[in-house]
Every structure is written in C-alpha cells, then in structure tokens.
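Here is a short briefing to read alongside the model. Have the structure open as you go, and follow the topics one by one.

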Amino acid sequence: MHNWDLEETNKYNYIPNNDFKYTYNQNEFLSPKAIEEKLDSLNTAQEKLEFVYNAIYCNKNKNRFAYFKDMPYDIPLPKYENKFKSLKFEEIKPTPVAPVEPPKPTPQPTTQELEIKSLKDKLSQKEKDISSLEINYQKALNTKNHLSYKLGNALIKAHKNWYKGGYVKFIFEVMRIKKEHRNRGQI
C-alpha cells in the first residue's frame, strides 16, 4: 500500500490487540431483520427518524454489524437510549419570495415596421460595403506609392516605348524614383 515495501507490510501483518477485530456480541448487534421490523412498525417519519438516530447513528460500537455464519438471524434489537429528545432544533422560517409576474407578450411588429427595418438593414449593409471599398481604395493608393510598384510601372513604360529610347529614359526614371523615396525616408 502506498510506499510500503514487503518488510513494512509484514511488520503490520499481525496486530496484538483486538482494535481491528470484529467480534459478535448479541448485546451490541443490530440485526437487519430487527431494524426492518422496527421501521415497519413505526407510523410517522418523526418516529422513524428518532429510531434511526437513537439505535443506529448514536451506536458507535464497531461490532454493531458483526454477524457470523452460524449466528441466529432473528435477534431482537439491544436496548438503546433515547438521545433524540435532548437535541435542540431551530425552526428555519422560509424566506418570503416576491411574486413573479408573468412575462409580458412581445408586441408583433407591423408590416410597415418590418419594411422600415428591412430598408435600414439594406442601407447599413451598403454603408459597410462603401466603407470596405474606401479601405480597399486607400490600400490601392498606398500600393502605388511603393518603390517596387513605381519601378515596375517605369519598366512597363520603357518597354512600350523601347523604339523611342524608352530604356534610356528608364535609367533616368529609376534615379528620380530612388531620390524621391530617399527624400521621403522610405529607402
């Protein structure tokens, strides 16, 4: 058990006293048949509670349920003291509960109110779409200001006008773009 090794287990294999030994004693034994008959003979819950408290709960004898193979089954209950009468009970008054009002029915919207809500929803969606377009437009403008975009655009123009000296103009355009970005602090 737990961290016990064989030596520790063997040390407690034999206990010289009877603290853990269950023995039958008719004066302490609580027969299941006698308990059942007693409970059946009582009429009220109060009487049954008193019996269970006095005969079973207050009986702390470790051998009260010790029963062996050859013992008689029909054994009467031992005498027990009525300790239930000495218990002090405090009456608990219920907390008053405020009455609950039934929920009021939700008024159903009119056809006109439903149409107005539908129009508001459509307008709200269009405003969201417009906001989204504005954000995308700003992103596109920002993209046009990137160095790589401007260089690529200059290269496309140079290629379209190659026969008019487009590639020579491209070299000067690259220097201008580079200077512009340097002045903005982007390179």
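Helices here are DSSP runs of H or I with at least four residues, numbered from the N terminus. With that naming, W162 sits in the loop that runs between α5 (147–160) and α6 (166–184). Please keep in mind that this is a predicted model. The points below take in a nonpolar patch, the salt bridges and one long separation along the chain.

**The nonpolar surface patch**
- L155, W162, Y163 and Y167 together make a nonpolar patch of about 480 Å² on the surface.
- W162, one of these residues, has a relative accessibility of 54%, and therefore counts as exposed, since the cut-off for exposed is over 50%.

**Salt bridges: the count and the E50–K85 pair**
- How many salt bridges are there? The count comes to seven, taking a side-chain nitrogen of Lys or Arg within 4 Å of a carboxyl oxygen of Asp or Glu as the rule.
- One of them pairs E50 with K85, with the closest N and O atoms 3.7 Å apart.
- E50 belongs to helix α3 (residues 45–57) and K85 to the loop between α3 and α4, so this pair ties together parts that lie 35 residues apart in sequence.
- Are the two partners buried or exposed? E50 counts as buried because its relative accessibility is 16%, whereas K85, at 59%, counts as exposed.

**Salt bridges along helix α6**
- R176 and E180 form a salt bridge in which the closest N and O atoms are 2.9 Å apart.
- These two residues, R176 and E180, are four residues apart in helix α6, so about one helical turn separates them.
- E180 also meets R184 in a salt bridge, at 3.1 Å from N to O.
- E180 and R184 both lie in helix α6 as well, again four residues apart, or about one turn of the helix.
- Through salt bridges that share partners, K150, E173, R176, E180 and R184 are joined into one network.
- As for accessibility, R176 is partly exposed at 43%, E180 is partly exposed at 24%, and R184 is partly exposed at 42%.

**L141 and a long separation**
- L141 has its place in helix α4 (residues 111–144).
- With a relative accessibility of 33%, L141 counts as partly exposed.
- How far is L141 from N54, C-alpha to C-alpha? The two C-alpha atoms are separated by 91 Å, and the residues are 87 apart along the chain.

How values were computed. Residues are numbered from 1 along each chain as its sequence is written. This is a predicted model: local features need pLDDT of at least 70, side-chain atom pairs count only at pLDDT 80 or more; totals for chains, interfaces and linings use all residues. Side-chain values use heavy atoms; hydrogens and water are left out. Patches are made of residues with over 30% relative accessible area and no salt bridge: like charges are joined within 9 Å, nonpolar side chains (Val, Leu, Ile, Met, Phe, Trp, Tyr) within 5 Å. Accessible areas come from the Shrake-Rupley method with a 1.4 Å probe; for residues, only the protein chains shown count as cover. Buried means under 20% relative accessible area, exposed over 50%, partly exposed in between (1.4 Å probe, protein chains only).
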